[in-house]
Amino acid sequence: MEEELIGIKNSALSLILESTDLKDLEETKLQFLGKSGKLTLTIKEITTVPIEKRKEIGILANDVKQTIEQAIADQFEMLSKKKKTTLIEKIDVTNPGIKPEIGHLHLVTQAIEEITDIFEKIGFERVRYPEVEWDYYAFTALNFPQNHPARDEWETFFVKSQENPKKGKMILTPHTSSGQIREMERKGPPIRMLNIAKCYRRQSDVSHTPMFHQFEGLVIDKDISITHLKGTLEYFVKSYFGKNRKSRIRPYHFQFTEPSFEVDVSCGVCNGEGRLLDGSKCKLCKSGWLEMGGAGMVHPNVLKSGGIDPNKFTGFAFGWGVERVLMMREGLEIDDLRLLYSNDLRFLEQF
Ligand code: DAH
């Protein structure tokens with residue numbers, strides 16, 4: 001009997017440990033502890049054991065039973081845990097997937113595309129000219145006398161290199177106006193140019209970045225007058241800023257245009273009133289107008305530099321900052337303009 005009980009214990013334990021699922025374990029349990037299970041039947045036979053050995057066998061039988069029950073309980077816990085994890089690991093193919101993050105164009109690139117679309121609709125042709133430029137195209141050919149202080153005024157970056165005997169020093173172009181002469185040389189009239197490019201100036205503070213973008217328009221044809229300039233301005237302002245915005249021109253001075261103007265756009269916050277409904281001054285514009293940039297009728301000397309006869313052709317030009325019009329439209333007051341180029345996603349993701 002003693003040996004039989006130990007044999008039952010060993011075979012029960014190995015079967016319990018081998019069971020791989022709960023059904024298996026349940027069968028093993030029945031096989032040993034069920035009504036007609038091996039252990040149950042053996043225990044019933046204890047009555048046949050001689051009385052002097054009965055107590056000892058009884059204790060052993062009890063021990064075997066407890067060990068088997070404990071082993072079943074342990075295995076049960078282990079198998080149920082396993083069952084749960086397998087459930088979690090199962091993939092529910094009907095669940096919506098996790099969307100990968102998709103980037104988008106930088107807000108300045110978005111503005112460039114939009115500005116291009118607007119001008120292409122009225123026949124302007126987008127061009128690009130070198131960012132590393134000769135002094136001649138940026139200044140001399142644009143009617144700046146040789147010793148004019150503009151080279152300093154425009155805070156020009158000079159490139160350490162040999163001077164070109166005809167075109168002077170090598171520079172980083174400080175404005176897109178340098179594209180005017182290049183376009184006249186390339187094409188000749190009629191011209192409807194849109195030159196959008198990076199410009200560089202020695203300036204870096206909260207409202208200036210050493211690199212920024214300008215878009216330059218140039219129209220040259222027969223009988224081009226200020227009305228064409230004014231019409232183009234109105235068209236751009238209405239298309240880019242909105243139907244309710246107005247433009248105005250104020251007299252100004254540029255070497256390469258005569259007459260020259262500063263172009264303003266009515267403020268979108270106070271609707272050009274300069275005051276808010278409660279009578280307080282508009283904080284964005286203070287006067288009802290926001291300055292957009294320069295424009296004018298192409299100076300006859302500039303036409304001559306580009307090989308165009310000023311007695312036959314006239315033209316207008318304008319040059320504005322991409323970052324500037326973008327911020328004006330969004331009503332953005334970026335405390336530090338350098339943020340535009342810092343690649344901080346917390347900022348860029350907002351656009
Ligand atoms: N190039 C000028 C600047 O950077 C802006 C400008 C003014 C461009 C008048 C023009 C113009 O074409 O006609 O400040």
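Here a biologist and a modeller talk through the ligand site and the pockets of this predicted model.

Biologist: What makes the pair between Ser177 and the ligand a polar contact?

Modeller: A polar contact is a pair of N or O atoms within 3.5 Å. A polar side-chain atom of Ser177 lies 2.9 Å from a nitrogen atom of the ligand, so this pair meets the cut-off.

Biologist: Which backbone atoms pair with an oxygen atom of the ligand, and how do you know that they count?

Modeller: For Ala317, a backbone N or O atom is 3.2 Å from an oxygen atom of the ligand. For Phe318, a polar backbone atom lies 3.3 Å from an oxygen atom of the ligand. Both distances are within 3.5 Å, so both pairs are polar contacts.

Biologist: How much of the ligand does the protein cover?

Modeller: On its own, the ligand has 350 Å² of accessible area, and the protein covers 93% of it.

Biologist: Which residues come nearest to the ligand?

Modeller: There are 16 residues around the ligand, and His175, Ser177, Arg201, Gln214 and Glu216 come nearest. By class, this shell has six nonpolar, eight polar and two charged residues.

Biologist: What makes Glu216 count as charged?

Modeller: Glu belongs to the charged class together with Asp, Lys and Arg, so Glu216, one of the nearest residues, is charged.

Biologist: Where does the ligand sit?

Modeller: The ligand takes up the space of the largest pocket. Strands E6 (211-221), E9 (289-298) and E10 (314-321) each give two or more residues to the shell around the ligand.

Biologist: What is the volume of the largest pocket, and what lies closest to its centre?

Modeller: Its volume is about 1200 Å³. Among the 41 lining residues, Glu291, Met292, Gly293, Gly321 and Arg324 are the closest to the centre. Elements that give two or more residues to this lining include strand E7 (247-254), strand E8 (257-266) and helix H11 (322-330). E9 gives the largest share, seven residues.

Biologist: How do the lining residues of the largest pocket divide by class?

Modeller: They divide into 18 nonpolar, 15 polar and eight charged residues.

Biologist: What about the second largest pocket, and why is Gly103 in its lining called polar?

Modeller: That pocket holds about 160 Å³ of space. Gly103 lines it, along with others including Glu101, His104 and Leu345. Gly is placed in the polar class, so Gly103 is counted as polar. The whole lining has four nonpolar, three polar and two charged residues.

Terms used. Residues are numbered from 1 along each chain as its sequence is written. This is a predicted model: local features need pLDDT of at least 70, side-chain atom pairs count only at pLDDT 80 or more; totals for chains, interfaces and linings use all residues. Side-chain values use heavy atoms; hydrogens and water are left out. A residue is near a molecule or strand if one of its heavy atoms lies within 4 Å of it. A polar contact is a pair of N or O atoms within 3.5 Å; within protein, one must be able to donate a hydrogen and the other to accept it, and residues adjacent in sequence count only if both atoms are side-chain atoms. Accessible areas come from the Shrake-Rupley method with a 1.4 Å probe; for residues, only the protein chains shown count as cover. On a 1 Å grid over the protein atoms alone, a cavity is a set of points where a 1.4 Å probe fits but cannot get out, and a pocket is an open set with protein on both sides within 12 Å along at least five of seven lines; lining residues have an atom within 4 Å of a point. A molecule sits in a cavity or pocket if more than half of its atoms lie within 2 Å of its grid points. Helices (H or I, at least four residues) and strands (E, at least two) are DSSP runs, numbered from the N terminus. Grid points are joined across faces, edges and corners, and a volume is the space filled by probe spheres set on the points.
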